[in-house]
Number of protein chains: 2
Amino acid sequence: VIRRIAIVGGTHGNELTGVALVRDLEARPRITDGLEVRTLIGNPGAVEQCRRFVDRDLNRAFRPSELANPTLSDHESRRAREVAAELRPDGEPAVDFIVDLHTTTSNMGVSLLLASSHPLELQLCAAIMARVPSRVLLLGGLWGSELPYLKTLAPHSLAIEVGPIPQGVLRHDILEQTRAAVEATLAHFSRLAVTGTPPADSTTLAAFEAIENVAYPLDAAGRPLVVHRDLQDRDWQPLEADQPLFVAADGTEQKCLPEWVGLCPVFINEAAYYPDTAFVLTRQVELPIGSSD
Amino acid sequence: VIRRIAIVGGTHGNELTGVALVRDLEARPRITDGLEVRTLIGNPGAVEQCRRFVDRDLNRAFRPSELANPTLSDHESRRAREVAAELRPDGEPAVDFIVDLHTTTSNMGVSLLLASSHPLELQLCAAIMARVPSRVLLLGGLWGSELPYLKTLAPHSLAIEVGPIPQGVLRHDILEQTRAAVEATLAHFSRLAVTGTPPADSTTLAAFEAIENVAYPLDAAGRPLVVHRDLQDRDWQPLEADQPLFVAADGTEQKCLPEWVGLCPVFINEAAYYPDTAFVLTRQVELPIGSSD
């Protein structure tokens, strides 16, 4: 049973939505039956500067092997050890679940990002999707045996990533969508904690499984091509044969590879991934939700 | 007559559109009858870091009194003196006209920003508007006797500011819109330089005159309110009586002041102005274009 929940904002310092929601919760603490809700600003130093990070991406600094290495002295490695000491003192989880709040410049709507597909997490996502239009993205497969995310400090977790929104901006609509997903999360776990019975929203869950980061192609001068207007903003939509994906300065287009047809790109032209990853390819999957007993 | 034109991108280092267009022009120089076109990256140090600036806003560092002060040693003050030495060596303009390329996170479309309303500049704007859907914004009134903009190094100038686009992102559509406005500028001055006669596109020009920067209201805890969804993205649209403009964390709204009704906000929720300026109020004006002879 999930009783102790941490809601984290500002893991990336220029994603203001999570910071604002955490500060709202701190200003007017939320009483939720059966739950202990705590809040945390992930990277206050980066929030202060309104930058994604100071030295390196904090949300790539939580691999166990890195956390255990006290010689790493950059800003985020030190902050990662502080956050770990707070959320997992002496290696024991102080919280059962972490909700990490993010935004994206891509046209992804409300995305529910899972590092694993434990029944407890899939049940939560089904409950959120029943209340808030949203999609589930499984990211675990992009990494090796060690995941680098802050949320992996707890036994179970969810990242809520909402867009499109520029870095450094708060939008009323994005704020409300994110707040609704957080409220649905707390309502779900509160119901579970109080009644003890999981909801029967559905038996399978439609999800998207990340399979590959696609790099920007480079032109002859080594400059990245630009995401084509026929791809821009079409996150989650299956790629079509001959769909133009990139355009060079001279107007030449690069089209969809035959083996990508039917796969669904996400994080298309995300600012934080420029000029490395142009999009993440995913495959639609239908997951049995199962029982968490 | 305008013969020597500088096209500047990257005055703000995270506005990638201008940087890309300048690099395109450098890779494939454009031959334009009657014109000498040169290019410049405004703030290469900031472009390198994909930040608006390193120490301070370069596009606020060109007041004559500041340029003349060699004791200012921050990154942008030094860069401003370098740019001035290149575009106005020994105080004499090396170019007749500067086009400075910018982007905004606000929903402003193609905006033609003028520091003055010289007939030569108004004629250019009319010529651009005849080819590219765009609006003219007069910003001179927001400043005292000294304007701080890079473009004021030349006798005449235009900033082309296109949005909405996040900082740190290149979009095909925004790139094409900006390119079209640059092409229209060069075509106009080329025609003038070759034929000597200005076009008679129209005798008056519809424009928006900036009259006031409006600050974010603060809540009791000193946190800025959020731009209300009924204002977000409605740049250029006249404010209405009782229109909600801001919302607090507890849901209370702040409505349009009676004296603002009919005025048109721009730069609504612009990332670079957060958390200071929520929007810039403008008044619609009809300017006689006049003759530049």
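**View 1. Pro275(A) lies in the loop that runs between strand 11 and strand 12 of chain A.** In this predicted model, the peptide bond that leads from Tyr274(A) into Pro275(A) is cis, with an omega near 0 degrees. As background to this view, most peptide bonds are trans, and most residues other than glycine have a negative phi.

**View 2. Strand 12 of chain A, which covers residues 277-288, pairs with strand 7 of chain A, which covers residues 204-215.** These two strands run antiparallel and are joined by 11 bridges. Within this pairing, Ala207(A) has Val285(A) of strand 12 as its bridge partner. Strand 12 of chain A is also joined to strand 11 of chain A, residues 264-266, by 3 bridges, and here too the two strands run antiparallel. In that second pairing, the bridge partner that strand 12 offers to Val266(A) is Val280(A).

**View 3. Strands 8, 9 and 10 of chain A form an open sheet of 3 strands, arranged in the order 8-9-10 with antiparallel pairing.** Its edges are strand 8, residues 226-227, and strand 10, residues 253-255, each of which pairs on one side only. Between strand 9, residues 244-247, and strand 10 of chain A there are 3 bridges in the antiparallel sense, and Pro244(A) stands opposite Lys255(A) of strand 10. The loop between strand 8 and strand 9 of chain A holds Trp236(A), a residue that has a positive phi of about 80 degrees although it is not a glycine.

**View 4. A salt bridge within chain A brings together the side chains of Asp24(A) and Arg179(A), at 3.4 Å from N to O.** The pair links distant parts of the chain, since Asp24(A) belongs to helix 1 (residues 16-27) and Arg179(A) to helix 6 (residues 172-195), with their positions 155 residues apart in chain A. Over all chains, the structure holds 28 salt bridges.

**View 5. Chain B and chain A are related by a turn of 180 degrees, with a shift of 0.0 Å along the axis.** Laid on chain A in this way, chain B fits with an RMSD of 0.0 Å, and that is the relation of a two-fold axis. In chain B, the C-alpha nearest the axis belongs to Pro166(B) and is 2.2 Å from it. The same surface serves both copies, for 100% of the contact residues of chain B recur in chain A.

**View 6. At the interface, 30 residues of chain B are in contact with 30 residues of chain A.** Between them the two chains bury about 2,600 Å², and 53% of this area is on carbon and sulfur atoms. Between chain B and chain A there are 4 salt bridges; one of these pairs is Asp233(A) with Arg171(B), whose closest N and O atoms are 2.7 Å apart. Polar contacts across the same interface of chain B and chain A come to 12 residue pairs, counted where both residues have a pLDDT of 80 or more. On the side of chain B that touches chain A, the elements that give two or more residues are helix 1 (16-27), helix 6 (172-195) and strand 8 (226-227) of chain B. The residues on that side of chain B divide into 12 nonpolar, 7 polar and 11 charged.

**View 7. Pro164(B) sits in the loop between strand 6 (156-163) and helix 6 of chain B.** The peptide bond from Gly163(B) to Pro164(B) is cis in the predicted model, with an omega near 5 degrees.

Definitions and conventions: Residues are numbered from 1 along each chain as its sequence is written. Chains are lettered from A and ligands numbered from 1 in the order in which they are written. This is a predicted model: local features need pLDDT of at least 70, side-chain atom pairs count only at pLDDT 80 or more; totals for chains, interfaces and linings use all residues. Side-chain values use heavy atoms; hydrogens and water are left out. Copies are superposed by least squares on the C-alpha atoms of residues with pLDDT of at least 70 in both. Contact means heavy atoms within 4.5 Å. Two strands pair if DSSP finds at least two bridges between them. Helices (H or I, at least four residues) and strands (E, at least two) are DSSP runs, numbered from the N terminus. Buried area is the accessible area (1.4 Å probe) that two parts lose on being put together, summed over both. A polar contact is a pair of N or O atoms within 3.5 Å; within protein, one must be able to donate a hydrogen and the other to accept it, and residues adjacent in sequence count only if both atoms are side-chain atoms. Ala, Val, Leu, Ile, Met, Phe, Trp, Tyr, Cys and Pro count as nonpolar, Asp, Glu, Lys and Arg as charged, and the others, Gly among them, as polar.
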